[in-house]
Amino acid sequence: MQRHAGQQIGIVVNGEAIVTSARTLAELVAEQGFTETGVATAVNGDFVPRQARGEVPLTPDARVEIVAPRQGG
Amino acid sequence: MNAIEPRLGSVRPLMLYGVDVPSRLLLGTARYPSPQVMSDAVKASGAGVLTVSVRREAARANTGARFFELIKALGVRIMPNTAGCRTPREAVTTARMARELFETDWIKLEVIGNDDTLQPDLFGLVEAAAALTHDGFKVFPYTTEDLVAAERLLAAGCEVLMPWGAPIGTGRGLANPYALKSLRQYFPAVPLIIDAGIGAPSHAAAAMELGFDAVLLNTAVAAAADPVRMARAFAAAVEAGRSAYEAGLMETRDMAAPSTPVAGTPFFELERR
């Protein structure tokens, strides 16, 4: 789906509904203030490798996960 | 089992997926009172592997990077987990995200089936293990004492198994040592790591005395009054238990057998029997 620059859509990021004008996952990561290498991403349940983020378009109601290293047992 | 086959000769190190791991204590990084305490406890424990996780990061936050720097500085091999995953799909996607972030193909695979016990969903676990092995991961499945699940996990490509001692965070130790003994006997050549439910160093020692290859614990150290001191205690317990296993534990019996020689007992008279 081709969007004009600046046109916003509603998506879900980390469980929270937001609006964004980012057209790709890469743009979203940047828009949300994350570093490219500091996070990992998934869209609609599927992992998206870092180098592929620029090719993954964001569509309305897309569910995006942006995760970072954390403590764990 | 120990008495029948005394472990003589050179001590072999722990080998997991072809890697020599310098300690049989694996440690989690969660629930410590502070990053400094966590760091000090890790050092005191001499742990060979640290477990970590991936979690949602808040926009413009830097929490993940700070934690990652701290962990990397410890110089211990890192193993991410798939904690919180309920389905194979969640576990596979989480594992892939973790692999990219932590730059390792080692994964502690958790597919959880119950919110109260946090016990593994064995069906989902086997499915996820197969998918992840196929994708090149070295899978460390968090499982139960179920022998059939163990066989399925090995068939799915796992080369290590991590059966629970008791539910995560309960500190109850080895809830079913009989089943764990069976597991050890059924898979003598598979590295077996007791993971979850350990509360005291005596539990860790008991696991090692049964012949388990390593133990993985977190809460037992992190929630101790003095985590750094407790980490040291656990390191000693794992060492003691492993040495005991390799030294060949004595046979147990039901009735007493005197240790002091009977011959020459003073005041001994046959009629007194």
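**Helix α4 of chain B and selected residues, with the terms applied to them**

Mentor: Let us begin just after helix α4 of chain B, where B:Gly136 takes a positive phi of about 90°. This is a predicted model, in which local features need pLDDT of at least 70 and side-chain atom pairs count only at pLDDT 80 or more, while totals for chains, interfaces and linings use all residues. Residues are numbered from 1 along each chain as its sequence is written, chains are lettered from A and ligands numbered from 1 in the order in which they are written, and side-chain values use heavy atoms, with hydrogens and water left out.

Trainee: What makes α4(B) a helix, and how does its reach compare with the expected span?

Mentor: Helices are DSSP runs of H or I with at least four residues, strands are runs of E with at least two, and both are numbered from the N terminus. Helix α4 of chain B, residues 122-134, has 13 residues, so the run satisfies that minimum. The expected span is 1.5 Å times one less than the number of residues, and the 18 Å from the first C-alpha of α4(B) to its last is close to the 18 Å expected.

Trainee: What is found at the start of α4(B), and why is it called a polar contact?

Mentor: A side-chain oxygen of B:Asp121 comes to within 3.1 Å of the backbone nitrogen of B:Phe123. A polar contact is a pair of N or O atoms within 3.5 Å, where within protein one must be able to donate a hydrogen and the other to accept it, and residues adjacent in sequence count only if both atoms are side-chain atoms. The pair at B:Asp121 and B:Phe123 lies within that distance, and therefore fits the cut-off.

Trainee: Which residues of α4(B) are buried, and what covers them?

Mentor: They are B:Leu122, B:Gly124, B:Leu125, B:Val126, B:Ala128, B:Ala129 and B:Leu132. Their cover includes α3 (88-102), β6 (106-109), β7 (138-143) and α5 (147-155) of chain B.

Trainee: How is the packing of α3(B) against α4(B) described, and which residues make it?

Mentor: The two helices pack at an angle of about 35° with their axes 9 Å apart, the axes being lines fitted to C-alpha atoms over the stretch in contact, with angles running from 0 to 180 degrees between N-to-C directions. The contact (heavy atoms within 4.5 Å) is made by B:Pro88, B:Ala91, B:Val92 and B:Ala95 of α3(B) with B:Gly124, B:Glu127, B:Ala128, B:Ala131 and B:Leu132 of α4(B). These residues divide into seven nonpolar, one polar and one charged; Ala, Val, Leu, Ile, Met, Phe, Trp, Tyr, Cys and Pro count as nonpolar, Asp, Glu, Lys and Arg as charged, and the others, Gly among them, as polar.

Trainee: Why is B:Glu100 called buried?

Mentor: Buried means under 20% relative accessible area, exposed over 50%, and partly exposed in between, with a 1.4 Å probe and protein chains only. B:Glu100, which lies in α3 of chain B, has 14% and is therefore buried. Beyond its neighbours within four places in sequence, the contacts of B:Glu100 include A:Val39, A:Phe47 and A:Arg53.

Trainee: Why does B:Gly199 receive its accessibility class, and why does B:Ala196 receive its own?

Mentor: Both are in the loop between β9 and α7 of chain B. B:Gly199, at 25%, falls in between the two limits and so counts as partly exposed, whereas B:Ala196, at 8%, is under the lower one and so counts as buried.

Trainee: What makes the phi of B:Ala196 worth noting?

Mentor: Most residues other than glycine have a negative phi. B:Ala196 has a positive phi of about 100° although it is not a glycine, and B:Tyr17 likewise is not a glycine, with a positive phi of about 50°.
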